Amino acid sequence: MSKVLFAPMSFNRFDANQTLPARFKRLLEASTLAETVKKKSVAIKMHVGDNLTYSTIPPVFVRILVDFLHEHEANCFVCDHAIAQRKPWQRGYTESILGCPVLDVCGHLDKYYYTKEAGYKTLREIDVAGYINDADFLIDFSHVKGHGACGYGGACKNIAMGCVTQRTRAQIHGLQGGIAWDEKKCIHCNACINSCNHNANRFKDGNYRVNYHNCTLCQHCVKVCPTSAIKLTRNDFHEFQKGMAVCTKTVLDTFEPKNAYFINVLTAITVLCDCWGLTTPSVVPDIGILASGDIVAVERASLDAIKTENLITAGIPEGMILGENGHLFERIHGKDPFVQVRELEHLGLGTQDYEIETID
């Protein structure tokens, strides 16, 4: 079994030491990080959100992690993709607040990367972000939430979608299917245009056009279309999840064994990814923080902690009817979130058998 450390939200008295930030400090002290990060360059990969998002990992937790790394002689930086576009400083992610640089993983123009062979169907190559590849150690610091394309976004998605170029993200999404437009259903409301984070679509001469050079096939346009005029040509979400797992392995293979650590933050757990640039109410109460050197174990433990019986109905759109079977995220999005976990295990990245060690 793999050990998963758990810092819970629960408390029994009004005491700062009972709060999650204090428990997070103790979790870090109980982890293996102190011995493994010393004198190393550490990339802290997280999602910095976009636009009006406020559900990402609060800066106080990032600063606690950064201070811990500095105390143990590590040289660290926070990173994500499309930093300039997403303006993370609007959500408190700045060097002065976090205590370390905030970098775009592939450089400002998305041109700094190393291409690795993948050989998975149409995903033949993977562009691993330059600053990720060059680091000695990776901390995968993930905000757990739902995801429209794969049901669940955690440690695997944070790496697969955030440690590569836009070209690779598009190819991974492309495993699920392309975009088709039905002129007869379209009412030209421009919801699809306004929802695109990549300036990849437009109407020209009354026709819907997609610039696949910019498009990542994230499906925001599909999700917001009120008349279903925009659809995927197919919906192979299993292939998308498997592609994410292949990409995650490719990224992790750039590091020496035991030079990666996975921290999942289970607060503000919403139905959508933070890249949507908006935050909806939580679908379950805040749970806490899970951490492990085993990505499979921490992903499985995170999904196990999110239970249908704890659903907060305000966290789903009014009128939405949930499916009857599977995990809560499967009932919401219609996609089994465990596909990616099983594929990570199949690729030899860890085990779904875990034991929890609770941090008091």
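**Close-up views of a predicted model**

**View 1. Backbone at K121 and D110.** K121 lies in the loop between strands β5 and β6, where helices (H or I, at least four residues) and strands (E, at least two) are DSSP runs numbered from the N terminus. The model is a predicted one, in which local features need pLDDT of at least 70 and side-chain atom pairs count only at pLDDT 80 or more, whereas totals for chains, interfaces and linings use all residues. Residues are numbered from 1 along each chain as its sequence is written, and side-chain values use heavy atoms, with hydrogens and water left out. Most residues other than glycine have a negative phi. The phi of K121, a residue other than glycine, is nevertheless positive, near 50°, and K121 counts as exposed with 54% relative accessibility (buried means under 20% relative accessible area, exposed over 50% and partly exposed in between, with a 1.4 Å probe and protein chains only). D110 is likewise not a glycine and has a positive phi, of about 65°; this residue is placed in the loop between β4 and β5 and, at 24% relative accessibility, counts as partly exposed.

**View 2. Aromatic pairs, with Y112 and Y131 in the foreground.** The structure holds 10 aromatic pairs, a pair being two rings of Phe, Tyr or Trp (its six-membered ring) whose centres lie within 6.5 Å, with planes under 30 degrees apart counted as stacked, over 60 as edge-to-face and the rest as tilted. One of these pairs is formed by Y112 and Y131, which meet edge-to-face at 5.3 Å centre to centre, with 80° between the planes. The pair links distant parts of the chain, since Y112 sits in the loop between β4 (102-104) and β5 (113-120) and Y131 in helix α6 (residues 130-134), 19 residues apart. Y112 is partly exposed, with a relative accessible area of 28%, and Y131 is also partly exposed, with 34%. Both rings belong to a cluster in which ring pairs link F77, Y112, Y114 and Y131.

**View 3. The tilted pair of W181 and Y208.** W181 and Y208 form a tilted aromatic pair, with 6.4 Å centre to centre and 40° between the planes. W181 lies in strand β10 (residues 179-181) and Y208 in strand β12 (residues 207-210), so the pair ties together parts of the chain that are 27 residues apart in sequence. The two partners fall into separate accessibility classes: W181 is partly exposed, with a relative accessible area of 23%, whereas Y208, at 8% relative accessibility, counts as buried.

**View 4. Helix α8 and the loop that holds Q176.** In helix α8 (residues 166-174), the residues T168, R169, A170, I172 and H173 are buried, and the buried residues of this helix pack against β6 (123-129), α7 (155-160) and α11. Q176, in the loop between α8 and β10, counts as buried at 0% relative accessibility. When residues up to four places away in sequence are not counted, Q176 touches A149, Q219, L232, R234, N235, D236, F237, F240 and K335 (contact means heavy atoms within 4.5 Å).

**View 5. Q241 in helix α11.** Q241 lies in helix α11, which covers residues 237-252, and counts as buried at 0% relative accessibility. Leaving aside its neighbours within four places in sequence, Q241 is in contact with C150, D336, P337, V339 and Q340. Q241 and I359, 118 residues apart along the chain, have C-alpha atoms separated by 31 Å.

**View 6. The whole chain, as a setting for the close-ups.** The secondary structure of the chain comes to 14 helices and 16 strands. The radius of gyration is 20 Å, close to the 21 Å that the globule rule gives for 360 residues, so the chain is as compact as a globular protein of that length (the radius is taken over C-alpha atoms, and the rule is 2.2 Å times the number of residues to the power 0.38). Taken along the principal axes, the C-alpha atoms fill a box of roughly 60 × 45 × 40 Å. Buried residues make up 54% of the 360 residues in the chain, and residues 24 or more positions apart account for 75% of the contacts with a separation of 6 or more.
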